[in-house]
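Work through the exercises below with the structure in view. Try each task before reading its solution.

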Amino acid sequence: MVARPVPASLVDARRRRGPAGAAVKAFVYAYPVVLVLVAWEAVARSGLFTAFTLPPPGRVWERARAMWDDGTLLDASTVTLGRILLSFGLALVAGVTLGLLMGRVRAVRLMFRPVVSFLFPTPKVAIYPALVILFGLGTASKVAMGFAEAVFPILLATIAAASRVEPRMVWSAAGLGTSRAGILVRVVLPAALPGILTGARIGLVGAISGVFVAELIVAADGLGHAMAIGYRTLATADMYVAVVLICAIGFVLDRLFLLVRARLLAWSPEGSADG
Amino acid sequence: MATEPAGGAGTARGGPAALLPPAAGVALLLLVWEVAPRLGLVRPTSVPPFSEVLGEIGAVLTDPAFGSEVAGSAYRWGLGFALAVLIGVPLGVVMARSRLVRHAVEPVLTMSYPVPKVALTLILVLLFGAGTTSRVIIVVLACLIPIVIASFHGAGAVEPWLVWSARGLGGGRIGTLARVVLPAALPQILSGVRMAIGVSIFALMAAELMIRQSGIGAYLFTYYDHGDTLRVWATAAVIAAIGFLLDAVYVRAVRRGLPWLEGEI
Amino acid sequence: MPEGGAPPPKVRAEGVGKVFARRGRDPVRALESIDLTVGPGEFVSIVGPSGCGKSTFLYIVGGFVGASSGTVRCDGEPVRGPGPERGIVFQEFALFPWKTVLGNVAYGLARQGVGRAERLERARRHLETVNLRGVERLYPKELSGGMKQRVAIARTLATDPDLLLMDEPFGALDAQTRAVLQAELTRIWERTRKTVLFVTHSVEEAIYLSDRIYVFSHRPARIKAVLDVGLERPRDRERMLADPAYPVLHRKIWDLLRDDGEDDGD
């Protein structure tokens, strides 16, 4: 399967430099937010839905301020963010390690391929109740869910990229006295990095979805749990606060990821451009 | 650690010996699943041994309640998936061919890409109730991004001379899109659709686990609430198998229906 | 087999053959009974039609690809895998794109455990050997093809291999750059006297650079002829072109290659 995340900037104007470029950039980022806010306000006023099911943005903002002031919002976000980063980090380590081995070592590839190709297209969330039974209600089951959603895109991208490393580059390194394990770390890993990072970006979204969904289904804390509580206690404005916040967290993490990626790939032909 | 001789010299090795490691991999996994609970490495009440889960799978498959929940979920999924293809493919193709549409849609795509669409489930339930509508919308939202992006990229990569020659031969703008751009973009669109299948099944499952009123997710959750661990694992295994089969059937169908297609889907 | 007390040749290939298995199709015979010797300090070229398997032979000597039959010994030791005593330069440069020019050249020294300060110093010296200055901090993507190949040569020379394997190193370059780099390679070789096994499909290049030339046939490659290049050293392109022996040799090799093309009906 060819995994392809959204290129960060296809809009040519965004590559422009200088104040004009910055203004265009700001507009491009602001426009979808403004669009959503305006549509939200308009629908809320239209009377299509009640103020209970669709509170206007202003009301949600007030709730967010109140939740921020009493500290619940910060606590919930910190818990969720920690889980997202932990599950993404674990998925990166596991996915890249196994992916390099599967991409370069025939025996490992043959051993794991049937398992990986079975698990990849399955809806991992189906095992979430089982994960709760196994790991309990706390952080472990959320991290396991985020991990399960994040690891496969990373693993598959790593296998593909590692198996396509230019053989002459590997030979050059071998000829310059690199051990077999050294080739995996010093040559295959950096050469496969562009592909790995493409998969990792998809994996990051998987980790965010996995953790948040897990918190929504069964949890004791976190942003998703706050939303589920809002649903059960009919505090609808709280639900909107949680959704907006998880969207913001997703957006910021994705942007940070792209920044790190641009740094790591400064050497590559596509440079910091997205692809 | 034995790294393969690079360049794949000798990758043509095959025969029965090549079947051994895959079988060994699967066998190892199942063995661990079987033995770990029996030796008490994990509590058998949390993870029942594989053989017991295998036996329970029969009970799940013959349960008429399970069948009807699967049918209900499949209907909602099919409806949402079809809608997403009908909206997403034309949108992506038009984006590639029209600057205006591209500039309007692209920022929205970029912003919404990292957003977990399933997070909207409970909001949609507030707005549209817990019935079919909100779940179909979730499926559409989950499918839309991969399909639009794949169609956009596929149509954007169509050689301009192909479009020019088609226009030169006297096709209208819309006709050219449908007859030339769409088929040329098909390989990419099909792989986007494959991604969408995976993502949307996840989204529907997650939504039904949250809504807990009907559907496979609700079925699964009922047994979780009853503390019937064995049934939970067996149901999860069946759902996993369904996801896998759906993907496999899709790939087969595309290969058979479009034999001219090259490369991976 | 090496006789008595004389040192073994740098490279000794005996009866080397290579067959590539292909899934569901007939195997391809790439090489057949190749016997080849390169003495210490010798510059030996292999010329042959493109796709004849001469690069495959070089990869076998390098230890990257295993031979299907026959043996290859370097300094009397059978080749079992790649090693730092045999440096290789590829047509495709094969630089590490994530390392700077300096990092590429210093890479092999780092693998040998040379300390950081010393390896950067030595890497700089090798860049000067190939006439590259002021590009140390650049990434390979920022270099022209000729510069990339200079870096690749410097990277290989840096670890001071006894044997230099060169796989059509100038094949991807434009004619002018190619001529300049050929002249520089001759100059470097005449100073260092490293043993070189050089694969090319350019007859002129082979004559200009080599002491001896092996002419390979079309697939499966066999040795058609071994020719000594009796031209004086240090080599100079003008003098070589003016030498009456040059066109004779050039013609002779061309005829060997052309015969092959004609009786190769398929």
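**Exercise 1.** What percentage of the 275 residues in chain A do buried residues make up?

*Solution.* This is a predicted model, in which local features need pLDDT of at least 70 and side-chain atom pairs count only at pLDDT 80 or more, while totals for chains, interfaces and linings use all residues. Residues are numbered from 1 along each chain as its sequence is written, and chains are lettered from A and ligands numbered from 1 in the order in which they are written.

A residue is buried if 20 or more other C-beta atoms, placed from the backbone, lie within 10 Å of its own. In chain A, 51% of the 275 residues are buried.

**Exercise 2.** How many helices and strands does chain C have?

*Solution.* Helices (H or I, at least four residues) and strands (E, at least two) are DSSP runs, numbered from the N terminus. Chain C has 8 helices and 10 strands. For chain A, the count is 10 helices and 0 strands.

**Exercise 3.** How many residues does each chain bring to the contact between chain C and chain A?

*Solution.* Two residues are in contact if their C-beta atoms, placed from the backbone, lie within 7 Å. Chain C brings 20 residues and chain A brings 14 residues. On the chain C side, strand 6 (86-90) and helix 2 (101-111) each supply at least two residues. Strand 6 of chain C gives the most, with 4 residues.

**Exercise 4.** What does the C-alpha trace of each chain span along its principal axes?

*Solution.* For chain C, the span is about 55 × 45 × 45 Å. For chain A, the span is about 70 × 55 × 30 Å.

Notes: Buried ≥ 20, exposed ≤ 12 C-beta atoms within 10 Å, placed from the backbone.
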